[in-house]
Amino acid sequence: MSAIYYAKHALGNIVEGECLCASDGFSARYDLDRINGTFSRPSHKLFGKSYKDKILVLDTAKGGVASAWMLYEMKSRNIAPLAIIFNSVNPILVQGAAQGDISMLSGFTEDITQALQSGQILRVDPSKKMLEVLNGADN
């Protein structure tokens, strides 16, 4: 049986992929090596992990206009996540996700970083504001 979570806010296209999850923030500017597609800030809980073609599940967005533009730049080089899922997100990063064509959900009734685990296979359907766990870490 799959688990389903609903968000308050959503944009983008339907995507399916592997979850990369941490109770940590997200800054495209300070947390990522955008050339190699990995988390590069040593204190980040996902340090050293590749975000390319993953569905990122993180606590909150950090940063402003530079981070937003970096999402577009990452997508243009095909070194981007499939989607980013947040407990909370700022409007600037939402604009960056829209410009970069990266699906995004935010605003769940529970802490989504505690409900999901890295390695699970997720389906993100922004048109329904829905996140579904297809299988994974403990299935």
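This report covers the overall fold of a predicted model and then a set of individual residues.

## Overall fold

The protein chain holds three helices and 11 strands. From the N terminus, the order of elements is β-β-β-β-β-β-β-α-β-α-β-α-β-β.

The chain has 139 residues and a radius of gyration of 13 Å. A compact globule of that length would have a value near 14 Å, so the chain agrees with that expectation. Along the principal axes, the C-alpha atoms fill a box of roughly 40 × 30 × 25 Å.

## Packing, surface and charge

Of the 139 residues, 47% are buried. Sequence-distant pairs carry much of the contact map. Among contacts with a separation of 6 or more, 66% join residues 24 or more positions apart.

The chain exposes about 6,600 Å². Carbon and sulfur atoms supply 51% of that area. The charge count is 14 positive and 14 negative. The mean positions of the two sets are 5 Å apart.

## Asn87 in strand β8

Asn87 belongs to strand β8, which spans residues 83-88. Its relative accessible area is 17%, which is under the 20% cut-off, so Asn87 is buried.

The Asn87 side chain makes a polar contact of 2.9 Å with the side chain of Asp59. Beyond four places in sequence, Asn87 touches Leu58 and Asp59 on the N-terminal side. Its other partners are Ser106, Gly107, Phe108, Glu110, Asp111, Ile112 and Thr113.

## Asn90 and the β8-α2 loop

Asn90 sits in the loop between β8 and α2. At 19% relative accessible area, Asn90 is buried, because the cut-off is 20%. The Asn90 side chain reaches the backbone nitrogen of Leu93 at 2.7 Å.

Outside its sequence neighbours within four places, Asn90 is in contact with Ala61, Lys62 and Gly63. Thr109 is 19 residues from Asn90 in sequence. Their C-alpha atoms are 17 Å apart.

## Ser67 in helix α1

Ser67 is part of helix α1, residues 65-76. The residue is buried, with a relative accessible area of 2%.

Neighbours within four places aside, Ser67 is in contact with Ser27, Ala28 and Arg29, and also with Lys62 and Leu93. Lys62 also appears among the contacts of Asn90. Leu93 supplies the backbone nitrogen that the Asn90 side chain reaches.

## Ser103 in strand β9

Ser103 lies in strand β9. Ser103 is buried, at 2% relative accessible area. A polar atom of its side chain lies 2.6 Å from the backbone oxygen of Asn13.

Asn13 is one of several contacts of Ser103 beyond four places in sequence. The others are Leu11, Gly12, Val15, Leu82, Ala83, Ile84 and Pro126. Pro126 is 23 residues away in sequence, with a C-alpha separation of 7.2 Å.

## Arg123 in strand β10

Arg123 is placed in strand β10. The residue is partly exposed, with a relative accessible area of 23%. The side chains of Arg123 and Glu16 make a polar contact at 3.2 Å.

Leaving out residues up to four places away, Arg123 touches Ile14, Val15 and Glu16. Arg123 also touches Met130, Leu131, Glu132 and Leu134. Val15 is on the contact list of Ser103 too. Cys19 is 104 residues from Arg123 along the chain, yet their C-alpha atoms are separated by 9.6 Å.

## Two loop residues with positive phi

Asp101 has a phi near 55°, a positive value in a residue other than glycine. Asp101 lies in the loop between α2 (91-100) and β9 (103-106). Its relative accessibility is 43%, which makes Asp101 partly exposed.

Lys129 also has a positive phi, about 55°, and is not a glycine. This residue is in the loop between β10 (121-125) and β11 (130-135). Lys129 is partly exposed, at 37% relative accessible area.

Key:
Residues numbered from 1 in each chain as written. Predicted model: local features only at pLDDT ≥ 70, side-chain atom pairs only at ≥ 80, totals over all residues. Heavy atoms only, no water. Helix = DSSP H or I, 4+ residues; strand = E, 2+ residues; numbered from the N terminus. Buried < 20%, exposed > 50% of the residue type's maximum accessible area, 1.4 Å probe, protein only. Polar contact = N/O pair within 3.5 Å; in protein donor to acceptor, adjacent residues only side chain to side chain. Contact = heavy atoms within 4.5 Å. Rg over C-alpha atoms; globule rule 2.2 N^0.38 Å. Areas by Shrake-Rupley, 256 points an atom, 1.4 Å probe, with all protein chains shown as cover. Lys, Arg positive; Asp, Glu negative; His and termini not counted. Charge placed at Lys NZ, Arg CZ, Asp CG, Glu CD.
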